[in-house]
There are 2 protein chains.
Amino acid sequence: MQSECAPTLKATVVRRLEDEIVSGLLTPGTRLDEVQLSERYGLSRTPLREALAQLAASGLVEIRPRSGAFVTQMSPRGMLECLSYAAEIEAIAASWAAARMTGAERADLVALQRDAACSVENGDSEAYFDLNRKFHEAIYAGAHNSYVQDAAHQLFLRGAPYRRLQLRQRGRIATSHAEHQTITDAILAEDGEAAARAIRAHITIQGDRFMEFLAALPDAFIGRDIR
Amino acid sequence: MQSECAPTLKATVVRRLEDEIVSGLLTPGTRLDEVQLSERYGLSRTPLREALAQLAASGLVEIRPRSGAFVTQMSPRGMLECLSYAAEIEAIAASWAAARMTGAERADLVALQRDAACSVENGDSEAYFDLNRKFHEAIYAGAHNSYVQDAAHQLFLRGAPYRRLQLRQRGRIATSHAEHQTITDAILAEDGEAAARAIRAHITIQGDRFMEFLAALPDAFIGRDIR
DNA sequence: AAAATTTTTATTGCATACAATCAAATGAAC
DNA sequence: GTTCATTTGATTGTATGCAATAAAAATTTT
């Protein structure tokens, strides 16, 4: 989205904060103190504030006026809204990818699946987490439409802090990999409809797992935002 | 997306710039000089820069590092990408609206259609432009999903500067209104599939008109970005 | 002792000021 | 006359400083 001729300090901070949020270093709900962060990254408050504003616009951070910035925390309801929307966006991306991916892109997708198979066998959830991201990003890129690509990318980022927990669940990695195979097959067969169905199910299953997770929680946590 | 307890100067500037871009006062491609704008709105560069960064994140403005901010100008190719994506987003919104709209929301939609009919008869394109926006926003809200609503809203804004031209074309208003009626009927019948098909066609037609418009231009303008 | 009110403190939001960098304009060489 | 180098100018990116506001703490009142 931004030309890379001169990586400004602001831009680098945006990336670093993004990384720290996605990687789970900064958990949802934590307050982002401007002075603390500016000292930590070795720059002044001005570019840091701009970085926070940009992250807020992308949804990863929430700025409450006169109160500060916080890593966005989704309510259970918000989470389900997000997942159902993400399922549709991914469906669009997969559908278009099936029709428009180049030969090289299809080969890359297959290669990613092969690498992922290894991390599944080794039970390396950290490696799979990364390959999972690359798999989905490959599909976004394969759609050959910058708007879906950006939207899907942003959505994936917003869900990342929670997805990490999901993939830690027993057997989830193997299931996920099998679902990816179904998606890959459909894309290789240039069957957009099937690809869309498969990836929609792939995302929806995460919502179901999330619901099951919620069911194990006390009722007080369900249905209202966690502050 | 932002609580309204204290409308900061930055927030108001974001809205004012949004309005001016959407209303066509600031045409795509124009450079947004920081000092000029800060003088014009009576504030300093700091909050204005934050406002520009926020608009850049939403896509209405493009910031070229060390070069300044410009109102985003879409290339012909980018416009088609945008429209094809928007068609799918609107389809999702319409489909969900058909299933989830409340009685009051359905009534509002019908009322909007009635008002629009008047502006069509009077040939008041300015009024129709506004009612068209309200019609689509009503559907976004009716989807009862903040993510689709936000995404569709942003996309609508980004297309606004160009849509204004579209609706000026002879007979386009009447056709548009008829298409809206088809969409409304499908939503009232709670037929999500039909609503999605109808609104997808409604958006796609704009793409076709745009292609026709391009065909009338010299070849030199087609296929490359206008700088 | 609990509640309400005042005071304090810390943090945000904004303004100003400086420095780094890029674009354009001017001038020199071929 | 054209091209390249140099300088100038303007504008962005960043740092610092101040004032307004909101949350927290302390004091007073019921």
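Biologist: Helices here are DSSP runs of H or I with at least four residues, numbered from the N terminus. With that settled, how far along helix H6 of chain A are Lys134(A) and Asp130(A) from each other?
Modeller: This is a predicted model. In it, Lys134(A) and Asp130(A) are separated by about one helical turn, because they are 4 residues apart in helix H6, which covers residues 125–142 of chain A.

Biologist: What do those two side chains form?
Modeller: A salt bridge joins Lys134(A) to Asp130(A), with the closest N and O atoms 3.4 Å apart. In general, side chains of opposite charge can pair when their charged atoms come close.

Biologist: How many salt bridges over all chains?
Modeller: The whole structure has 27. Between chain B and chain A the count is 2. One that joins the chains pairs Arg49(A) with Glu50(B), at 3.0 Å between the closest N and O atoms.

Biologist: And polar contacts between chain B and chain A, how many residue pairs?
Modeller: There are 8 residue pairs in polar contact, counting those where both residues have pLDDT 80 or more.

Biologist: Which elements of chain B touch chain A?
Modeller: H3, helix H4 (76–100) and helix H7 (146–168) of chain B each give two or more residues to that side. H4(B) has the largest share, with 10 residues. By class, the side of chain B that touches chain A has 14 nonpolar, 10 polar and 7 charged residues.

Biologist: What area is buried between the chains, and how much of it comes from carbon and sulfur?
Modeller: About 2700 Å² is buried between chain B and chain A, and carbon and sulfur atoms give 62% of that. On the chain B side, Pro65(B), Tyr85(B) and Tyr147(B) lose the most area to chain A, and together they make up 27% of what that side buries. The contact itself takes 30 residues from chain A and 31 residues from chain B.

Biologist: Switching to the DNA. Which residues are closest to strand D?
Modeller: Leu9(A) and Ser44(A) from one chain, and Arg31(B), Arg45(B) and Arg49(B) from the other, out of 16 residues that surround DNA strand D. The surface near the strand has 8 charged, 4 polar and 4 nonpolar residues.

Biologist: Bases or backbone, what does the protein meet on strand D?
Modeller: Of the strand D atoms within 4 Å of the protein, 65% belong to sugar or phosphate and the rest to bases. For a phosphate case, a side-chain N or O atom of Arg31(B) is 2.9 Å from a phosphate oxygen of DNA strand D. Arg66(B) instead uses a backbone N or O atom, 3.2 Å from a phosphate oxygen of that strand. On the base side, Thr46(A) has a side-chain N or O atom 3.2 Å from a base nitrogen of DNA strand D.

Biologist: Which elements does that surface come from?
Modeller: Helix H1 (9–22) and helix H3 (45–58) of chain A, with helix H3 (45–58) of chain B, each give two or more residues to the surface near DNA strand D. H3(A) gives the most, 3 residues.

Biologist: Now strand C. Which residues come nearest?
Modeller: Arg45(A), Arg49(A), Arg66(A), Leu9(B) and Ser44(B), among 16 residues around DNA strand C. Here sugar and phosphate account for 68% of the strand C atoms that come within 4 Å of the protein.

Biologist: Which polar atoms are involved at Ser44(B), and at what distance?
Modeller: A polar backbone atom of Ser44(B) is 2.6 Å from a phosphate oxygen of DNA strand C. Arg31(A) reaches a phosphate oxygen of strand C with a side-chain N or O atom at 3.0 Å. The side chain of Arg45(A) has an N or O atom 2.9 Å from a base nitrogen of that strand.

Biologist: Which element gives the most to that surface?
Modeller: H3(B), with 3 residues. The surface near DNA strand C divides into 4 nonpolar, 4 polar and 8 charged residues.

Biologist: Last one, confidence. What is the mean pLDDT of chain A?
Modeller: It is 88, and 93% of the residues of chain A reach 70 or more. Residues 1–5 of chain A stay under 50, and the model has 5 contacts for them beyond four places in sequence. Residues 220–227 of chain A are also below 50, with 7 contacts beyond near neighbours in sequence. Where pLDDT is low, the predicted coordinates should not be read in detail.

Methods:
Residues are numbered from 1 along each chain as its sequence is written. Chains are lettered from A and ligands numbered from 1 in the order in which they are written. Side-chain values use heavy atoms; hydrogens and water are left out. A residue is near a molecule or strand if one of its heavy atoms lies within 4 Å of it. A polar contact is a pair of N or O atoms within 3.5 Å; within protein, one must be able to donate a hydrogen and the other to accept it, and residues adjacent in sequence count only if both atoms are side-chain atoms. Ala, Val, Leu, Ile, Met, Phe, Trp, Tyr, Cys and Pro count as nonpolar, Asp, Glu, Lys and Arg as charged, and the others, Gly among them, as polar. Contact means heavy atoms within 4.5 Å. Buried area is the accessible area (1.4 Å probe) that two parts lose on being put together, summed over both. A salt bridge is a side-chain nitrogen of Lys or Arg within 4 Å of a carboxyl oxygen of Asp or Glu. pLDDT is the predictor's confidence in each residue, from 0 to 100.
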